[in-house]
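Colleague: I'd like a close look at one part of this protein, with enough of the overall picture to place it. Could you take me through it?

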Amino acid sequence: MSLPKRSRVLGWGASVPDLIVTNDDLSEVVETSDAWIQKRTGIKERRYVDHADGSVVMGAKAAADAIEMAGLEPSDVDAIICCTLSPDIDFPGNASLLHDRLGISPRIAFDVRNQCSGFLYALATADQFVRTGGARHVLVVGSEVHSTGLDFNGARGRDVTVLFGDGAGATVVGPSPDDEHGLLSFKLHAEGAYADKLAVFGPSGRDKPRIKPERMPPEDPYFYPTMEGRFVFKHAVEGMTSVIRAVVDEAGFQVSDIDMVLPHQANLRINQFVALQLELEERQVSNNIERYGNTTAATLPLLLTETAAAGRVSRGDLVCFAAFGAGFTWGAALYRW
Ligand code: UT7
């Protein structure tokens, strides 16, 4: 069997909860305002799950659409990679639960825990499987439920709480029939020295016992995400700008050759700064943060699905994915549509 030179996204899909939570809705429980959130982040609303649904149910809906669009049967999927920081249960990972829910039997199933850059890391991993013959069709699912783990206690944690929403997106990655289309190159980075700049510290395996009755929400913020917002913001702008330049350069192109950038959606202002530095016009950058907030690992496949549905990418276009998040971990991928 000859191995493909490139992998390609054969199908995609997305699923978001029905419940829309506006900034005004949030202002009723958190000390914030629609004006502050819109001005500082660009977010107008986000989605929250009904508590009966977790990231597996949402991910399964997105995955079913992606498999159908790829023209495949579920049994054609050889590997599942789930990227999430909000799995349904502590272990086993979402990939095992999703595997069961979709009723398929891939040989390989595992989770990637890389927060906002999770989808990029998973896409790069899927690419390796496809190009080396380890798997022919890899289902990559990003699915997140943030709403059950945010701090809704007045002013505490409000900088983070207003940012996040729930959602899912999925892609099926498989062999490209030619050498021109598909994933051209990717670059991934990590800087663990900044792990505590954006994190959830509890529950911790370092604690004995791991769950302590005296450390429980809502009083104790131990289980809520915390972030040094300005520090993360600055690094996100620098990291995404330089990694986009690097991935384009490596593939032998110029930034001006890019037709569409699909950036992670953490803050609209981050993406505007990146666009400014790269001299990209508004039409060359796709954003949907105003409707979903930050859905971490679900962001890129959700954005991909919406951007394609809106007809904003055409065959032959040079598309650049980029993400930055907790870890810090970040990266970019260049893709010929
Ligand atoms: O997903 C992974 C990557 N994540 C990111 O990239 C996020 C990066 N960081 C950010 O997006 C921004 O730093 C935030 C949106 C989190 C914060 O925006 P900022 O412009 O950096 O504001 P700040 O943290 O410097 O706070 C400015 C003021 C403070 O009040 P004082 O001290 O000036 O009186 C905050 O207490 O805004 C206050 N504040 C809020 N006010 C209303 C912080 N959060 C809120 C809020 N509503 N939600």
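To set the scene, what percentage of the 337 residues of the protein count as buried? After that, please zoom in on helix α8 and what comes after it along the chain, from residue 268 on.

Modeller: Sure. One thing up front: this is a predicted model. On your opening question, 55% of the 337 residues count as buried.

A bit more on the whole before we zoom in. The protein has 10 helices and 13 strands. Its radius of gyration is 19 Å, close to the 20 Å that the globule rule gives for 337 residues, so the protein is as compact as a globular protein of that length. Laid along its principal axes, the C-alpha trace spans about 60 × 45 × 35 Å. If you take the contacts between residues at least 6 apart in sequence, 78% of them join residues at least 24 apart. As for the outside, the accessible surface comes to about 14900 Å², and 50% of that belongs to carbon and sulfur atoms.

Now to α8, which runs over residues 268-278. Just at its start, Asn267 has a side-chain oxygen that reaches to within 2.8 Å of the backbone nitrogen of Arg269. Further along, the buried residues are Ile270, Asn271, Val274, Ala275 and Leu278. Those five cover an arc of only 135° around the axis, which puts them on the same side of α8. The spacing fits a general rule: an α-helix has 3.6 residues a turn, so residues three or four places apart point the same way. What lies over that buried side? The cover includes helix α7 (229-250) and strand β11 (260-263). After α8 comes Glu279, with a positive phi near 55°.

Since α7 is part of the cover, let's look at it briefly. Within α7, Lys234 and Glu238 sit 4 residues apart, about one turn of the helix. Their side chains form a salt bridge, with the closest N and O atoms 3.6 Å apart. Both ends are partly exposed: Lys234 has 48% relative accessibility, and Glu238 has a relative accessible area of 43%.

There is another salt bridge by the α7 end of things, between Lys197 and Glu228, at 3.3 Å from N to O. Lys197 lies in the loop between β8 (182-190) and β9 (198-199), while Glu228 lies in the loop between β10 (226-227) and α7, so the pair ties together parts that are 31 residues apart in sequence. Here the partners are not alike in burial: Lys197 counts as buried at 16% relative accessibility, whereas Glu228 is partly exposed at 41%. In total, the structure holds 10 salt bridges.

Back to the chain after α8. Arg283 is found in the loop between α8 and α9 (289-292). With a relative accessible area of 55%, Arg283 is exposed. Its salt-bridge partner is Glu281, and the closest N and O atoms are 3.1 Å apart. Glu281 itself is partly exposed, at 45%. Setting aside neighbours within four places in sequence, Arg283 is in contact with Met260 and Arg312. Met260 belongs to β11, the strand that also helps cover the buried side of α8.

Going on from there, Glu290, Arg291 and Glu306 are linked in a network of salt bridges. Glu306 takes us into helix α10, which covers residues 299-309. In α10, 9 of the 11 residues are buried, so the helix is largely enclosed by the rest of the structure. The buried ones are Thr299, Leu300, Pro301, Leu302, Leu303, Leu304, Thr305, Thr307 and Ala308. One of these, Leu303, is 20 residues along the chain from Arg283, and their C-alpha atoms are separated by 14 Å. Following α10 is Gly311, whose phi is positive, near 70°.

To pull the stretch together: α8 has its buried residues on the same side, the loop after it carries the exposed Arg283, and α10 is largely enclosed by the rest of the structure.

How values were computed: Residues are numbered from 1 along each chain as its sequence is written. This is a predicted model: local features need pLDDT of at least 70, side-chain atom pairs count only at pLDDT 80 or more; totals for chains, interfaces and linings use all residues. Side-chain values use heavy atoms; hydrogens and water are left out. Buried means under 20% relative accessible area, exposed over 50%, partly exposed in between (1.4 Å probe, protein chains only). Helices (H or I, at least four residues) and strands (E, at least two) are DSSP runs, numbered from the N terminus. The arc is that of the directions from the helix axis to the C-beta atoms. Contact means heavy atoms within 4.5 Å. A polar contact is a pair of N or O atoms within 3.5 Å; within protein, one must be able to donate a hydrogen and the other to accept it, and residues adjacent in sequence count only if both atoms are side-chain atoms. The radius of gyration is taken over C-alpha atoms; the globule rule is 2.2 Å times the number of residues to the power 0.38. Accessible areas come from the Shrake-Rupley method with a 1.4 Å probe; for residues, only the protein chains shown count as cover. A salt bridge is a side-chain nitrogen of Lys or Arg within 4 Å of a carboxyl oxygen of Asp or Glu.
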